[in-house]
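Hi there,

Here is the structure I promised to pass on. Have a look at it first, then read my notes below.

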Amino acid sequence: MRLPSAATRGKSKARRAAKGRGVAAVARAGFIGRGVLYLLVGALALRIAFSDGGGRQADRGGALAELADKPFGNVLLWMLGIALAGMALWRLSEVFFGQAGPDGDTAGKRALAGGRCLFYSFVAYSILAYATGDKGSGSGSSDRQTQDATAKVLDWPGGKWIVAAAGAGVIVAGLWIAGRALLRKFHDKLRMGEMSRRVRRGVDFVGITGGTARGVVFAVAGGFAVTAALRHKPGEAKGIDNTLRSFADTAAGPWLLALIAAGLAAFGLFSWANARWRKF
């Protein structure tokens, strides 16, 4: 009988560690941190719907500035940054060892986890840099950053088509996010059987409304990017703040923005539900 090699034993131990309580704990912290960000952005967008928003932007930068103004704000920023670093670490473990579920080991799921790991790593870094005093990190205008990046890419050879393709990709991603929320695909990721009927209804409500609102915002932002590419005007591209403000410019007025804002806040609550009932 052949004994397992040291490499095989080491890989098995690493896989158990990736699926263990430690990684689950940092993932839960990450979901709590993500929930805080979406609740703050939703609250800022709601404020903007019916006033000037107090000079804040409804994006990550505005959320960090809002948090920094609270008592013990710097401590809260450190906690938020560390929590989202935990989210990045969990996504990294999914790259190497797969996600929960029967199809979690597919190359597509691992690649998606890798993209999410990079995203949360950047967000965590920007928050921690902001907490250390670099006020330009993480708190800059998402609109200005988006327009600057769009302008640079438009100057590349074929830049128009690169921006258009990226915008189309964001539209597809937004529609995918909203569609999965409407179809309640999140049931596959949560331990629904452990919830009471009332809690299950609440999770369904925040999961559907939150995911749909988030997907709509992504899709609309992607549409602005495509418009900027076709017109070759970087100023047409919009970050999260101006994308949200554009909802108030529709026939529905501030009420549509208020509805989207409530949806983003609902996604924050849904993130907290993931912290409690997510499968790891």
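One bit of vocabulary before we start: Ala, Val, Leu, Ile, Met, Phe, Trp, Tyr, Cys and Pro count as nonpolar, Asp, Glu, Lys and Arg as charged, and the others, Gly among them, as polar. Also keep in mind that this is a predicted model.

Now the cavities. There are two of them of 30 Å³ or more. The second largest cavity holds about 50 Å³ of space. Which residues line the second largest cavity? They are Trp90, Glu94, Gln99, Ala100, Asp188, Lys189, Arg278 and Lys279. Sorted by class, that lining comes out as five charged, two nonpolar and one polar.

Next, a pair of helices. Helix H2 covers residues 21-50 and helix H3 covers residues 60-68; their axes come within 9 Å and cross at roughly 95 degrees. Angles of 65 to 115 degrees count as roughly perpendicular, so that is how H2 and H3 lie to each other. On the H2 side, the contact is made by Leu37, Leu40, Val41, Leu44 and Arg47. H3 brings in Arg60, Gly62, Ala63, Leu64, Glu66 and Leu67. Use the same classes here and you get seven nonpolar, three charged and one polar residue in the contact of H2 with H3.

Last, one glycine to click on. Gly169 sits in helix H7, residues 159-182. Is Gly169 buried or exposed? Neither, quite: Gly169 is partly exposed, because its relative accessible area is 37% and partly exposed runs between 20% and 50%. Gly169 and Ala219 are 50 residues apart in sequence, yet their C-alpha atoms are 9.0 Å apart in space.

Cheers

Terms used: Residues numbered from 1 in each chain as written. Predicted model: local features only at pLDDT ≥ 70, side-chain atom pairs only at ≥ 80, totals over all residues. Heavy atoms only, no water. 1 Å grid on protein atoms, 1.4 Å probe; cavity = no way out; pocket = protein on both sides within 12 Å on 5 of 7 lines; lining within 4 Å. Points joined across faces, edges and corners; volume = space filled by probe spheres on them. Axes fitted to C-alpha atoms, helices over the stretch in contact; angles between N-to-C directions. Helix = DSSP H or I, 4+ residues; strand = E, 2+ residues; numbered from the N terminus. Parallel < 35°, antiparallel > 145°, perpendicular 65-115°, else oblique. Contact = heavy atoms within 4.5 Å. Buried < 20%, exposed > 50% of the residue type's maximum accessible area, 1.4 Å probe, protein only.
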